[in-house]
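Work through the exercises below with the coordinates open. Each task is followed by a stepwise solution.

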Amino acid sequence: MADKKKLHDQIVEVLKKYPNGLSIHELREKLPSDIGAQAELNKRVRELRYKHAIPYENGKYYYRGKRSVPLDNQGINSKLRAAVLNMAHGRCQMCGRTVAEDGIKLEVDHKVPHNWGGPTAIENLWAICSLCNSGKRDFFKSFDDEEMKKLVAIENVHARLAEVLRLHQGSPVPSWFLEFVANVNDFQEDWQRRLRELRSLGIEYSFKKTKLPSGKVQTTYKLEKWKDLPANPRAEIKRVESGVD
Ligand SMILES: [Zn+2]
């Protein structure tokens, strides 16, 4: 899409003018160019979030300025590290154990590894304890790096989620990992809904809740039945959910 950059600039200009936020419909109305499907416009806004702070709250997008720490592909700098640790409040974001009560040490880590194409962005970073980090690395070893690079680059979120379940067929995939994959190149507001929608496409999975020693509940998902995805998953989901045959 050659005009993507131009559209990005236009979106920023429009959002800047409305500090009280704009819904996706309002944004569309105020844009000078006609840009086709709504899903596309949502995606364009989400892409901007790598460079601009554009939170989505109560159905509206708000422009909060250019990021002071651009989401580039550099290593995690001290400012970004401090921001991630600050958000963790001394608690491992995977197991829930704390620095104060459990004596853990927190490490700032990429959710989707950088070498799979995960960005060095606050959305793709978290603070986890050393034990969780080594467990995570072991879990990631079960994936093939080349396959994961391809997976992370898939544009459609349903296709990405389905592919993770398929690649890990036979063993359970923890919810945190599905969440990462949903968000990796596409900030998803509701990844669990995207996952449920796979059922409308004929993909079946089971899930299991396990209580971790810290008391935190972890859900894992397992593929039960595979079906190849249609070319346009969103259109098919809409068709199935509206009950049209
Ligand atoms: Zn932990």
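**Exercise 1.** What arrangement do the four donor atoms around the zinc ion make?

*Solution.* This is a predicted model.
Step 1: list the donors. The protein donors of the zinc ion are the SG atoms of C92, C95, C129 and C132, lying 2.3 Å from the ion.
Step 2: check the angles. The four donor atoms subtend 102 to 117 degrees around the zinc ion, which makes the arrangement tetrahedral. The test requires that all angles lie between 85 and 135 degrees.

**Exercise 2.** Determine how the zinc donors are placed along the chain, and classify C92 and C129 as buried or exposed.

*Solution.*
Step 1: read the spacing. The donors follow C-x2-C-x33-C-x2-C.
Step 2: place one pair. C92 sits in the loop between α4 (78-88) and α5 (99-102), while C129 belongs to strand β4 (residues 125-129). They are 37 residues apart, so the pair links distant parts of the chain.
Step 3: apply the cut-off. Buried means under 20% relative accessible area. C92 has 1% relative accessibility, so C92 counts as buried. C129 also has 1%, so C129 counts as buried.

**Exercise 3.** Locate the largest nonpolar core relative to the domains.

*Solution.*
Step 1: find its centre of contacts. The core has 46 residues, and C92, L165, F177, L178 and L195 have the most contacts inside it.
Step 2: find the main contributor. Helix α9 (residues 175-183) gives the most, with six residues.
Step 3: assign domains. Domain 2 (71-141) and domain 3 (143-245) both give residues, so this core lies between them.
Step 4: separate the other core. A second core of 15 residues includes L7, I11, L15 and L41.

Key
Residues numbered from 1 in each chain as written. Predicted model: local features only at pLDDT ≥ 70, side-chain atom pairs only at ≥ 80, totals over all residues. Heavy atoms only, no water. Core = buried A, V, L, I, M, F, W, Y, C linked by side-chain atoms within 4.5 Å. Buried < 20%, exposed > 50% of the residue type's maximum accessible area, 1.4 Å probe, protein only. Helix = DSSP H or I, 4+ residues; strand = E, 2+ residues; numbered from the N terminus. Domains from an automatic or database assignment. Donors = N, O, S within 2.8 Å, 3.2 Å for Na, K, Ca; no water. Tetrahedral: all angles 85-135°; square planar, octahedral: opposite > 155°, others 65-115°.
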